[in-house]
Amino acid sequence: MPPAATVYVACGANLGDRAATLAAARADLDAHPEIRVRRGSTWHETRPVGGPPDQPDYLNGVLELETTLAPLALLDVLQQIEHRHARVRSVPDAPRTLDLDILLYDHQRIRTDRLTVPHPRMWQRSFVLEPLAELLDLDHLRRACGPAETNMRVFDLIAGDLDWRDTYHLCIGFINPRPIALVSTIAPDGRTNLAPFSFYNMVSANPPLVIFCPGLNRDGRPKDSLINVEKTHEFVVATVVPDIAMPMAATAASLPYGQSEFEFSGLTPAPARHVRAPLVKEAPVNIECRLHQIVRSGDGPGASSIVFGRIVAIHIDPALLDEHGHVDPRRLTTVGRLGGPYYADANDPYELKIPKGQK
Ligand code: ADP
Ligand code: MG
């Protein structure tokens with residue numbers, strides 16, 4: 001007999017007498033000659049995630065098993081038990097009398113057509129993590145789900161392994177997706193400028209500060225956005241959504257100073273309230289900013305200026321807002337910058353909850 005494996009199985013039911021079904025499934029597992037149920041979590045009542053609307057609530061829990069069955073043989077047994085309890089497979093996430101999923105099988109990583117372990121969606125599901133946390137200490141979870149041991153490659157910048165260009169290209173491949181600031185500025189003579197920056201973020205809540213970081217142009221001169229901000233002390237940041245991703249990319253073209261990227265990209269300037277720089281009419285969100293501070297990161301090639309702006313007005317499409325006046329992430333798809341020529345739409349939001357009792 002192979003040594004017994006420790007396995008964690010998520011159990012969920014949202015039809016019929018849920019508690020009775022879950023208890024029966026536990027008894028079925030325990031009755032199998034090669035399975036012993038060591039212990040179980042408490043049952044958690046949760047709202048369904050996904051699937052058709054108006055489903056009944058789920059009862060969820062996790063069982064700790066000891067088994068000599070191989071992973072796929074155990075999956076067969078779980079599916080037989082699901083069938084025995086008249087589980088009907090129709091559309092994904094449809095209500096079911098019983099769902100049994102393998103969360104962890106010892107410390108194994110399994111990737112086959114039928115089985116992925118650790119269960120790929122367990123981290124997104126508080127109804128799995130909370131009961132699991134009752135049974136499992138964090139160390140075990142880490143060992144089971146931490147990064148696979150691989151031969152990591154180390155680039156030692158102190159030892160001179162990478163120059164600044166290589167470092168930059170490597171880092172933008174993983175410091176991402178980066179939000180994109182489509183920055184609108186105006187010269188003292190009234191000529192407008194529009195350019196995208198992916199070194200952009202909100203960095204303070206009170207005062208509300210954003211930064212964007214113009215580097216030097218290829219020819220070593222400061223970018224027009226920076227020249228304008230230094231002169232006028234104000235700018236607007238438009239949020240980039242898929243509809244304006246192409247025009248946004250067009251604004252990155254280097255045009256002669258004073259020639260407006262608004263015209264070149266087809267985007268429409270619209271008046272702001274407190275600053276002279278125009279809003280981008282097609283963007284669902286524009287923020288008006290007054291210059292707070294400029295910090296230079298250095299003088300050489302690759303250096304940026306870190307421009308801090310204080311938000312003084314926010315223009316937002318009200319259709320994006322929920323009843324609390326917050327942006328509903330399912331209603332706004334922003335475009336993020338990846339490495340090289342790649343972008344990504346943030347259109348797959350999901351909720352993560354930290355399991356209780358794991359401070
Ligand atoms: P879900 O559990 O995601 O609600 P199903 O129970 O219908 O959906 O599972 C669909 C398929 O997922 C199963 O046929 C099974 O082969 C596969 N699967 C992949 N990994 C696992 C796992 N760790 N535990 C259970 N089933 C898994
Ligand atoms: Mg399942």
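How many bridges join strand β9 to strand β13, and in which direction do the two strands run? In this predicted model, 4 bridges link β9 (residues 181–186) with β13 (residues 234–239), and the two strands run antiparallel. Within this pair, leucine 182 has alanine 238 of β13 opposite it.

The β9–β13 pair belongs to an open sheet of 7 strands, whose order is β10-β9-β13-β16-β17-β12-β11 and whose pairing is antiparallel. The edges are occupied by β10 (192–197) and β11 (200–204); each has a single partner strand, so one side of each is left without a neighbour in the sheet. From one strand to the next, the twist averages 35°. Helix α6 (residues 224–232) lies across β9, β10, β13, β16 (285–296) and β17 (305–316), and runs at about 50° to β9.

Between α6 and β13 there is a loop that holds histidine 233. Although histidine 233 is not a glycine, its phi is positive, at about 60°. This residue is partly exposed, because 14 other C-beta atoms lie within 10 Å, a count that falls between the limits of 12 or fewer for exposed and 20 or more for buried. A further backbone feature is found in the loop between β11 and β12 (209–212), where proline 207 is placed. The peptide bond joining asparagine 206 and proline 207 is cis, with omega about 5°.

On the scale of the chain, the protein is divided into domain 1 (5–145) and domain 2 (177–345). The centres of domain 1 and domain 2, taken over C-alpha atoms, are separated by 47 Å. Proline 177 lies in the loop between α5 (164–171) and β8 (178–179), and the peptide bond leading to proline 177 from asparagine 176 is cis, with omega near 0°.

Helix α3 (residues 126–135) contains the buried residues Phe127, Val128, Leu129, Glu130, Pro131 and Leu132. The buried residues of α3 pack against β1 (5–13), β3, β4 (58–67) and β5. Serine 41, in the loop between β2 (35–40) and β3, touches Pro131, Glu134 and Leu135 as well as Gly61 and Val62, when residues up to four places away in sequence are not counted. Serine 41 and leucine 135 are 94 residues apart in sequence, yet their C-alpha atoms are 6.4 Å apart in space. Serine 41 counts as buried because it has 21 C-beta neighbours inside 10 Å.

Glutamate 45 is placed in strand β3 (residues 44–46). With 11 other C-beta atoms within 10 Å, glutamate 45 is exposed. Beyond its neighbours within four places in sequence, glutamate 45 is in contact with Asp57 and Leu59. The C-alpha atoms of glutamate 45 and aspartate 57 are separated by 6.6 Å, the two residues being 12 apart along the chain.

Which residues are the closest to ligand 1? The shell comprises 10 residues, of which Asp101, Ile102, Arg114, Thr116 and His119 are the closest. Two or more residues come from each of β5 (99–105) and β7 (116–117), and β5 gives the most, with 3. By class, the shell around ligand 1 holds 4 nonpolar, 2 polar and 4 charged residues.

Aspartate 106 lies in the loop between β5 and β6 (110–111). Its phi is near 45°, a positive value in a residue other than glycine. Aspartate 106 is partly exposed, with 13 other C-beta atoms within 10 Å.

Notes
Residues numbered from 1 in each chain as written. Chains lettered and ligands numbered in written order. Predicted model: local features only at pLDDT ≥ 70, side-chain atom pairs only at ≥ 80, totals over all residues. Near = placed C-beta within 6 Å. Nonpolar A, V, L, I, M, F, W, Y, C, P; charged D, E, K, R; others polar. Pairing = 2+ DSSP bridges. Axes fitted to C-alpha atoms, helices over the stretch in contact; angles between N-to-C directions. Contact = placed C-beta atoms within 7 Å. Domains from an automatic or database assignment.
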